[in-house]
Amino acid sequence: MTSNVNAASSLPGSARPSIDLSASFKAYDVRGIVGETIDAHVVEAVGAGFVDVLGLAGKTVLVGGDMRPSSPEFIAAFAKGAAARGGNVVTLGLISTDELYYACGALDAAGATFTASHNPAQYNGIKMAKAGAQPVSSETGLKEVQAAAEAYLAAGQDGAPAVPPVAEPGSVTQRDILADYAGYLRGLVDLSGIRPLKVVVDAGNGMAGMTTPAVLGDQLLAALPLQIVPLYFELDGTFPNHPANPLEPENLRDLQKAVVEHGADLGLAFDGDADRCFVIDELGEPVSPSAITGLVARREIARAKAAGDAEPVIIHNLITSRAVPELVQHDGGRPVRTRVGHSFIKAVMAEESAVFGGEHSAHYYFRDFWNADTGMLAAMHVLAALGEQDGPLSELAAEYEPYVASGEINSEIEDKDAAVARVREEYEGDDVAIDELDGTTFSAADGSWWFNLRPSNTEPFLRFNGEAKDRETLESIQDTVLAIVRA
């Protein structure tokens, strides 16, 4: 494959071209279009840079990938570059992203997995972690890996990087971690004693098609009292049925229909790399990630208290329903509010020794999972909570959703700062609190409503999220704010 990365002419007199990988290096990971902004040459250079920047010569380096067609080639290329620079590479083959986090934690080794998560089929990318599953982001080494990869590519010819081998190049071996991963999760949530449940799982042709039978079925471990109805379990990175992005309502339609048709107790939808999980109740209605955050938080607080933690900490981002911090306080925990984004959440999880964290985007983080996010473990908590009582999920979830939420509404505008300033002018006063932890959040002093305006970093969008005590109040606030923003 010929690299089509952006290579511009360097300064006059320079013998080397200038390589720019910024089109695919994002704040938290690498993501690009295969053959255009990411290819095997780029990946080989990234593998070499990963070892250099993290000081991994002579140490174990883990690498796996999802079911996208380019992943096997990219795994091999990354291993080549990493081994040349002295990393002892262990290839994990097909893995979900939370399998990588498990491996980095359990084996105390740095690693990378090839995935573009919920992006369309033409994309692939890299999520990286340090030993102990600590994230590698633009603030913790990703920019340096990019610079090293660019230097190797600039020194090469015909798109191929020039990666000089160290005196003692590393080895490349293989390992399968699926059984260990499944066993570890089974040890965290005991589902053996719950009442029988029928569960429809939509894997979206993503990695949950492999991990679900291993963790919830009897493929690798003893059978649980679960009847799994599989939907799109065939691993296919071209996504022939629907995009593997359950955040979009249209991608939940097949699951909602199947739950009702099968008379199932609930449905689970995973994204492409299976690190996020969305839940559907027995009526075919989505359960909000905020409700799932509250449900899991209650279980984790109780468990942590039983183990001697006087005031367990629960992390929630500022878009999550205010029902979450209210519940946490009611149950004797301490809620900590943070910015949106997994690198922020994971950092605060570590700082606070938090037992659990949840986001509105269905990312769920666990102290017992090295502060990393795993959709499967969150799903297991939901199954346990439902299976330990007799009522339907719709009734159980209603306990955690006392408010009415807008969901995310985007407005396409160029001057986002001016739009926020107009809204601030309208709402500023003694009866409204305003903070700028992440975007701008406006909260009524009487607690009857709040809304947040956050500018997108990559698109000309201003994102509105709001919540109120009733639909009438929410619609009034939402209509007013959007009219001002879009004026």
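1. A quick word on terms before we start: the domain bounds used here come from an automatic or database domain assignment. Please also keep in mind that this is a predicted model. On that footing, the protein is divided into domain 1 (30-175), domain 2 (179-283), domain 3 (289-399) and domain 4 (404-486). Taken over C-alpha atoms, the centres of domain 1 and domain 4 are separated by 39 Å.

2. Let's turn to the second largest pocket. Its volume is about 290 Å³. The lining is made up of 14 residues, and those nearest the centre of the pocket are Arg-322, Pro-325, Arg-337, Ser-443 and Trp-450. If you have the structure open, these five residues are a handy way to find the pocket.

3. Where does this pocket sit with respect to the domains? Domain 3 (289-399) and domain 4 (404-486) both contribute residues to the lining, so the second largest pocket lies between them.

4. Three strands each supply at least two residues of that lining: S14 (313-317), S22 (440-444) and S23 (449-455). Strand S22 provides the largest share, with 3 residues. Sorted by class, the lining of the second largest pocket holds 5 nonpolar, 6 polar and 3 charged residues.

5. Next, a helix pair to look at: H8 (residues 289-306) and H11 (residues 375-387). Their axes come within 10 Å and cross at roughly 75°. Angles of 65 to 115 degrees count as roughly perpendicular, so H8 is roughly perpendicular to H11.

6. Which residues make the contact between these two helices? From H8 there are Ile-292, Leu-295, Val-296, Arg-299 and Glu-300, and they meet Ala-378, His-381, Val-382, Ala-384 and Ala-385 in H11. The residues of this H8 contact with H11 divide into 7 nonpolar, 1 polar and 2 charged.

7. A second helix pair is H3 (residues 97-106) with H5 (residues 178-188), whose axes come within 10 Å and cross at roughly 85°. That crossing makes H3 roughly perpendicular to H5.

8. In this second pair, Asp-98, Glu-99 and Tyr-102 of H3 meet Leu-178, Asp-180, Tyr-181 and Tyr-184 of H5. By class, the contact of H3 with H5 has 4 nonpolar and 3 charged residues, with no polar ones.

9. To pull the points together for your own look at the model: the second largest pocket lies between domain 3 and domain 4, H8 and H11 cross at roughly 75°, and H3 and H5 cross at roughly 85°.

Definitions and conventions
Residues numbered from 1 in each chain as written. Predicted model: local features only at pLDDT ≥ 70, side-chain atom pairs only at ≥ 80, totals over all residues. Heavy atoms only, no water. 1 Å grid on protein atoms, 1.4 Å probe; cavity = no way out; pocket = protein on both sides within 12 Å on 5 of 7 lines; lining within 4 Å. Points joined across faces, edges and corners; volume = space filled by probe spheres on them. Helix = DSSP H or I, 4+ residues; strand = E, 2+ residues; numbered from the N terminus. Nonpolar A, V, L, I, M, F, W, Y, C, P; charged D, E, K, R; others polar. Axes fitted to C-alpha atoms, helices over the stretch in contact; angles between N-to-C directions. Parallel < 35°, antiparallel > 145°, perpendicular 65-115°, else oblique. Contact = heavy atoms within 4.5 Å.
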